[in-house]
Amino acid sequence: MSEFFHMGGYAFFVWTSYGIALVVLLANIILPMQRKKEILKNLKRRLRREQA
Amino acid sequence: MWLWFHKLGSPKYFYDLSGKFLPWFGWLTLILMLVGTYWGLVLAPADYQQGDSYRIIYVHVPAAWMSLFVYMVMATAGAVGLIWKMKMADVVASCSAPLGAAFTFLALITGSLWGKPMWGTYWVWDARLTSELILLFLYLGFMGLEAAIDDKRTAANACAVLALVGVVNIPIIHYSVEWWNTLHQGSTVARMDKPAMDTNMLIPLLLMWLGFMFYYGTTLFMRARNEVLHRERDTTWVKDMVTES
């Protein structure tokens, strides 16, 4: 197991690559989800204002 | 075909259809990437020359392929929007730009982290690396130009022209390792003869590539659906949908 994390001495390079990839890929999932919430919230507020 | 093309140009139709595809794309992305990563990091053997450092290939190469693929999608969508004034094509181009930039950034950074142990340097101004960096600037230029112009129609047209001019960079990136003497290694997969790679190493690479393709589909749909909701905020179908939810 520790041999696996050691990556034949290239641990820093391999794990940093995979780490950055994970962060970038997740960010591009989370950002549009937050944006959707924001858009729907604004739409609902506008609709309520129009009806009132 | 024309009818379908026409229907897809309708924001509501796109919104409904992409909503059906989205969960499938999301799950496929997750499964392909998990299996690909496990296979690439654990099951695939170490390289006889590069040891375990080559395992960076499983994020580097798919990201680099995607950086080119997304650019072609972006330029094509831009051209369609420019010629046929199709709103959805503008949305696809605009939503592809940040994703393409993300893939390009990943390709550059993971390449750099692979270059350090193999070449002894994080960066070298050789043809492949420089042309890929220009690709990143093209994506960022597209996004900057779009943000600088208030009118959506004008912004989309200007960006489409920029994207089309930038297409010239794509074959340069692809053939850079053949045209110039570069430090970057030649192609191992896309060759005329069979790939110069062990099957056990090749399969996880293809799985990751498929995973990245579905990831692009997933995130493109997510962004495009947001954009549609925002642009169509005054239409009855969006209002009805919001009231129902």
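Two residues are in contact here when they have heavy atoms within 4.5 Å of each other, and that sense of the word applies at every stop of this tour through a predicted model.

**First stop: Trp180(B)**

Select Trp180(B), which sits in the loop between α7 and α8 of chain B. Once residues up to four places away in sequence are set aside, Trp180(B) touches Ala127(B) and Ile172(B). Is Trp180(B) buried, partly exposed or exposed? Its relative accessible area is 43%, and Trp180(B) is therefore partly exposed. If you also select Phe21(B), you will find it 159 residues from Trp180(B) in sequence and 42 Å from it in space, taken from C-alpha to C-alpha.

**Second stop: helix α7 of chain B**

Step back to helix α7, residues 169-179 of chain B, and colour Asn169(B), Ile170(B), Ile173(B), Ser176(B) and Val177(B), which are buried. These residues lie on the same side of α7(B), because they cover an arc of only 145 degrees around the axis. An α-helix has 3.6 residues a turn, so residues three or four places apart point the same way. Now turn to the other side of α7(B), where Glu178(B) and Trp179(B) are exposed. To see what covers the buried residues of α7(B), display the helices of chain B that include α3 (57-84), α5 (127-148) and α6 (152-166).

**Third stop: Ser94(B)**

Go next to Ser94(B), whose place is in helix α4 of chain B, and which is buried, with a relative accessible area of 11%. Beyond its neighbours within four places in sequence, Ser94(B) is in contact with Phe142(B) and Glu146(B). With Glu146(B) the side chain of Ser94(B) also makes a polar contact, at 3.0 Å.

**Fourth stop: salt bridges within chain B**

Side chains of opposite charge can pair when their charged atoms come close. Over all chains, a search of the whole structure finds nine salt bridges, and several in chain B are worth selecting one by one.

Begin with Lys12(B) and Asp16(B), whose side chains meet in a salt bridge with an N to O distance of 2.8 Å. The two are four residues apart in helix α2 (residues 11-43) of chain B, and so are separated by about one helical turn. Lys12(B) is partly exposed at a relative accessible area of 37%, and Asp16(B) is likewise partly exposed, at 35%.

Move on to Glu232(B) and Lys87(B), which form a salt bridge of 3.4 Å, N to O, between their side chains. This pair links distant parts of the chain, 145 residues apart, with Glu232(B) in the loop between α8 (199-231) and α9 (236-244) and Lys87(B) in helix α4 (residues 87-119) of chain B. How is the burial shared between the partners? Glu232(B) is buried, with a relative accessible area of 10%, whereas Lys87(B) is partly exposed, with 44%.

Then select Glu227(B) and Lys152(B), joined by a salt bridge of 3.0 Å, N to O. Here too distant parts of the chain are linked, since Glu227(B) is in helix α8 and Lys152(B) in helix α6 of chain B, 75 residues apart. Add Arg231(B) to the selection, and you have one network, in which salt bridges that share partners join Lys152(B), Glu227(B) and Arg231(B). Within it, Glu227(B) is buried, at a relative accessible area of 14%, and Lys152(B) counts as partly exposed, at 44% relative accessibility.

**Last stop: where chain A meets chain B**

Finally, show both chains, and select the 29 residues of chain A that are in contact with 40 residues of chain B. The two chains bury about 3000 Å² between them, with 74% of it on carbon and sulfur atoms. Which three residues supply the most of the area that chain A buries against chain B? They are Phe13(A), Tyr18(A) and Leu25(A), which supply 21% of that area, more than any other three residues.

Between chain A and chain B the count is two salt bridges, and one salt bridge to display is that of Arg46(A) with Asp234(B), whose closest N and O atoms are 2.4 Å apart. Eight residue pairs are in polar contact between chain A and chain B, both residues being at pLDDT 80 or more. On the side of chain A that touches chain B, helix α2 (residues 11-51) of chain A gives the most, with 25 residues. By class, that side of chain A has 19 nonpolar, five polar and five charged residues.

Note on methods
Residues numbered from 1 in each chain as written. Chains lettered and ligands numbered in written order. Predicted model: local features only at pLDDT ≥ 70, side-chain atom pairs only at ≥ 80, totals over all residues. Heavy atoms only, no water. Buried area = accessible area lost by both parts, 1.4 Å probe. Salt bridge = Lys/Arg side-chain N within 4 Å of Asp/Glu carboxyl O. Polar contact = N/O pair within 3.5 Å; in protein donor to acceptor, adjacent residues only side chain to side chain. Nonpolar A, V, L, I, M, F, W, Y, C, P; charged D, E, K, R; others polar. Buried < 20%, exposed > 50% of the residue type's maximum accessible area, 1.4 Å probe, protein only. Arc of directions from axis to C-beta.
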